[in-house]
Amino acid sequence: MQMTMRWFGPVEDKIPLAHIRQVPGVEGVVGALYDVPVGEVWPQDKVRALADQVQQAGLKMEVIESVNIHDDIKIGLPSRDRFIANYQQTIRHLAEIGIKVICYNFMPVFDWMKTEMNYVLPDGSVTMAFEKKGIDKTLDEVVKEVLENSNGFALPGWEPERLAKVQELFAKYKDVDENTLRQNLVYFLERVIPVCEEVGIKMAIHPDDPPYSIFGLPRIVKNRDDLDWICNAVNSEANGITLCTGSIAEDPDNNVYEILAEFTRRRRIHFAHVRNIKLIQDKDFYESAHLSRYGSLDMYEVMKALHDNGFNGYIRPDHGRFIWGETGRPGYGLYDRALGVTYLHGLWEALEKRH
Ligand SMILES: [Mn+2]
């Protein structure tokens with residue numbers, strides 16, 4: 001198991017690598033380039049400069065999150081072949097600097113959705129929440145609210161220039177149902193997985209967040225059966241999963257522990273996002289502190305499912321609250337994620353030493 005934290009790079013992230021380096025037990029960062037338009041090749045000199053910077057700080061960078069998938073690939077337009085060729089080239093460039101895992105998602109339009117970016121908990125900490133009444137508004141209103149409450153930071157997967165045309169984007173997806181989206185995912189995987197196998201990289205799909213349809217958009221990474229279908233559709237260890245406990249648990253019908261155990265056993269979980277959420281009512285929830293007692297997930301059981309089934313991939317605390325007066329990009333403050341790291345290491349050590 002290699003513990004990591006996500007880092008948004010020297011321009012986008014106000015947290016210095018030197019501080020991440022001081023979090024006990026963190027060996028590496030999960031990085032990305034944020035100045036390359038979605039669909040274009042990540043230039044070799046830029047990825048190398050990023051890798052050098054991380055290495056000089058005494059950290060590893062073996063996971064990228066995310067190399068986003070162009071909408072034309074998800075929609076299945078003829079132009080997808082050019083974007084897939086670019087993706088293949090990016091995979092080669094990343095392999096050359098030692099990347100082992102690429103996290104990505106296949107969600108139409110939105111990478112993730114929350115309705116409340118500054119949800120205040122009883123202890124005064126600030127977190128993100130999702131309440132169904134929050135998406136009963138118009139699409140434009142919901143998009144505007146998320147973008148305006150990001151504390152001035154660019155949000156991953158929420159490129160303002162792309163979402164400014166959200167209605168247009170929706171129109172393009174009007175004929176894409178779940179079946180078409182699945183076919184388009186397979187079309188993509190059949191072309192990138194052989195490249196991954198050749199250069200020693202593993203793809204790791206992130207579950208949909210939330211794991212059910214919103215605004216009528218198709219969703220295909222929602223539950224155990226979806227993950228099973230994807231693994232079988234292109235049957236290679238390089239076709240793997242980023243198991244995000246928070247996202248999967250947003251549907252109370254999902255058994256997170258069983259899913260973790262099964263796909264770890266099948267050697268398909270290459271990267272784990274471990275966070276806790278608190279379900280409020282039905283599917284409304286907020287992102288809680290990591291400890292089991294604050295959320296709806298038993299984090300001991302989460303770590304046990306990974307540990308006891310031979311997990312040897314990368315792991316990171318997913319999101320954190322804002323505590324101790326910290327502000328910044330929602331979900332990605334330093335302090336609460338660092339506490340999460342320490343807690344997860346504590347659980348892991350106890351599992352290792354258990355008789
Ligand atoms: Mn996640």
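How many strands close into a barrel here, and in what order? In this predicted model, 8 strands do it, running β1-β2-β3-β4-β7-β8-β9-β12 with parallel pairing. From one strand to the next, the twist averages 30 degrees. Here's a quick tour of the barrel, the core and some backbone oddities.

**Around the barrel**

- Strand β2 covers residues 28-31 and pairs with strand β3, residues 60-65, in the parallel sense. That pairing takes 3 bridges, and Val-30 sits opposite Val-63 of β3.
- Strand β12 (residues 314-317) runs parallel to strand β1 (residues 2-6), and 2 bridges join them. Gln-2 has Tyr-314 in β12 as its bridge partner.
- Strand β9 (residues 269-274) is joined to β12 as well, through 4 bridges and again in parallel. Look for Phe-271 here, since its bridge partner in β12 is Tyr-314.
- Both faces of β12 are covered. Tyr-314 and Arg-316 are buried on one side, while Ile-315 and Pro-317 are buried on the other. As a rule, side chains in a regular strand alternate between the two faces of the sheet.

**The nonpolar core**

- The largest nonpolar core counts 87 residues. Val-29, Ile-102, Val-192 and Met-203 have the most contacts inside it.
- Helix α9, spanning residues 178-199, is the element that gives the most to this core, with 7 residues.
- Met-203 is a handy place to zoom in: leaving aside residues up to four places away in sequence, its contacts include Ile-102, Tyr-104, Val-192, Ile-193 and Cys-196. Met-203 also touches Ala-238, Asn-239 and Gly-240.
- In soluble globular proteins, nonpolar side chains tend to be buried together.

**A hairpin to spot**

- Strands β5 (residues 116-120) and β6 (residues 126-130) run antiparallel, joined by 3 bridges. Across that pairing, Glu-116 stands opposite Ala-129 of β6.
- The β5 and β6 hairpin has 5 residues between its strands. Gly-124 in this hairpin takes a positive phi, near 90 degrees.

**Cis peptide bonds**

- Glu-65 and Ser-66 are joined by a cis peptide bond, with omega about -10 degrees. You'll find Ser-66 in the loop between β3 and α4 (71-75).
- Another cis bond runs from Asp-209 to Pro-210, where omega is near 0 degrees. Pro-210 belongs to the loop that lies between β7 (202-205) and α10 (224-233).

**Positive phi outside glycine**

- Val-109 isn't a glycine, yet its phi is positive, near 65 degrees. Val-109 sits in the loop between β4 (101-104) and β5. It counts as buried because it has 20 C-beta neighbours inside 10 Å, and the cut-off for buried is 20 or more.
- Asp-282 also takes a positive phi as a non-glycine residue, near 50 degrees. Asp-282 is in the loop between β10 (277-281) and β11 (284-287). With just 9 C-beta neighbours inside 10 Å, Asp-282 counts as exposed.

**Out at Lys-304**

- Lys-304 lies in helix α13, which covers residues 299-307. Lys-304 has 19 C-beta neighbours inside 10 Å, so it counts as partly exposed.
- Between the C-alpha atoms of Lys-304 and Thr-180 there are 36 Å, and the two residues are 124 residues apart along the chain.

Definitions and conventions
Residues are numbered from 1 along each chain as its sequence is written. This is a predicted model: local features need pLDDT of at least 70, side-chain atom pairs count only at pLDDT 80 or more; totals for chains, interfaces and linings use all residues. Two strands pair if DSSP finds at least two bridges between them. Axes are lines fitted to C-alpha atoms, for helices over the stretch in contact, and angles run from 0 to 180 degrees between N-to-C directions. A nonpolar core is a set of buried Ala, Val, Leu, Ile, Met, Phe, Trp, Tyr and Cys residues joined through C-beta atoms within 7 Å. A residue is buried if 20 or more other C-beta atoms lie within 10 Å of its own, exposed if 12 or fewer, and partly exposed in between; C-beta atoms are placed from the backbone. Two residues are in contact if their C-beta atoms, placed from the backbone, lie within 7 Å.
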